[in-house]
Amino acid sequence: MFHTRSGINLNIIFLSFYNFVFNKRKPLQTKTYDYTQDINGRDYIFESVDNQVKGYMTGQGKGVKRGDYIILRDSSNACRYQVEDIDYYSEPPDMWIALLQKVDFE
């Protein structure tokens, strides 16, 4: 009886180790989208929150996901934001609204 329980535990340990080694998640690859040549109100809409530290952006384009970066022009300065949350519209399917957090350029 003891041997059976020990064998099960060793199998679980081995399978857990195997899954850890061979099924590691790939590092999250982020992309940067440059909207500095686009015009706010025509090509996209950005609504500032918390004195431009955060904001909601509505834009179009496939592939934008949480963690990606978006560069916008604020009068004469470029500002970099990170996508905190994003939801795609059902129609058109490439239109989205995202919550952005301002971050420093690296």
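**Notebook: salt bridges, sheet and surface**

I began with Asp 43, which is partly exposed at a relative accessible area of 32%. I note at the outset that the model is a predicted one.

**Entry 1. The partner of Asp 43**

I looked up which side chain Asp 43 meets in a salt bridge. The partner is Arg 42, with a distance of 3.2 Å from N to O. I then checked the accessibility of Arg 42 and found a relative accessible area of 60%. Arg 42 therefore counts as exposed, since the cut-off for that class is over 50%. Asp 43, at 32%, is partly exposed.

**Entry 2. The other salt bridges**

I asked how many salt bridges the count comes to. The count is three. As background, I recorded that side chains of opposite charge can pair when their charged atoms come close.

Glu 84 forms one of them with Lys 54, and the closest N and O atoms are 3.5 Å apart. I located both residues: Glu 84 is in strand β5 (residues 77-88) and Lys 54 is in strand β3, so that this pair links distant parts of the chain, 30 residues apart. Both ends are partly exposed: I read 27% relative accessible area for Glu 84 and 24% for Lys 54.

Asp 68 and Lys 65 also meet through their side chains in a salt bridge, at 3.0 Å from N to O. Here I asked whether Asp 68 is buried or exposed. Asp 68 has a relative accessible area of 0% and is therefore buried, because buried means under 20%. Lys 65, by contrast, is partly exposed, at 29% relative accessibility.

**Entry 3. Overall layout**

I next stepped back to the whole protein, which has one helix and six strands. Reading from the N terminus, I find the elements in the order α-β-β-β-β-β-β. I also noted that 25% of the 106 residues are buried.

**Entry 4. The sheet**

I looked up the order in which the strands stand in the sheet. The six strands form an open sheet, ordered β1-β4-β5-β6-β3-β2, with mixed pairing. I asked why one side of β1 and of β2 has no neighbour in the sheet. β1 (32-34) and β2 (45-49) are at the edges and each has a single partner strand, so one side of each is left free of a neighbour. From one strand to the next, I recorded an average twist of 35°.

I then followed the pairing of β3 (residues 54-60). With β2, strand β3 pairs in the antiparallel sense over five bridges. As a register mark I took Ile 45, whose bridge partner in β3 is Thr 58. The hairpin of β2 and β3 has four residues between the strands, and in this hairpin Asp 50 takes a positive phi near 55°. With β6, strand β3 is again antiparallel, over seven bridges. For that pairing I noted Gly 55, which has Leu 100 of β6 as bridge partner.

**Entry 5. A nonpolar patch**

I looked up which residues make the nonpolar surface patch of about 260 Å². They are Tyr 56, Tyr 89 and Ile 97. I placed Ile 97 in strand β6 (residues 95-103). Its relative accessible area is 31%, so Ile 97 is partly exposed. That value meets the requirement for patch residues, because they need over 30% relative accessible area.

**Entry 6. The loop between β1 and β2**

I examined two residues of this loop, Thr 36 and Gln 37. Thr 36 is buried, with a relative accessible area of 12%, whereas Gln 37 is exposed, at 69%. I asked which side chain is joined to that of Thr 36 by a polar contact of 2.6 Å. It is the side chain of Asp 34.

For Gln 37 I looked up its separation from Arg 73. The two residues are 36 positions apart in sequence, and their C-alpha atoms are 7.9 Å apart in space.

Note on methods: Residues numbered from 1 in each chain as written. Predicted model: local features only at pLDDT ≥ 70, side-chain atom pairs only at ≥ 80, totals over all residues. Heavy atoms only, no water. Pairing = 2+ DSSP bridges. Axes fitted to C-alpha atoms, helices over the stretch in contact; angles between N-to-C directions. Patch = residues over 30% accessible without salt bridge, like charges linked within 9 Å, V, L, I, M, F, W, Y side chains within 5 Å. Areas by Shrake-Rupley, 256 points an atom, 1.4 Å probe, with all protein chains shown as cover. Salt bridge = Lys/Arg side-chain N within 4 Å of Asp/Glu carboxyl O. Buried < 20%, exposed > 50% of the residue type's maximum accessible area, 1.4 Å probe, protein only. Polar contact = N/O pair within 3.5 Å; in protein donor to acceptor, adjacent residues only side chain to side chain.
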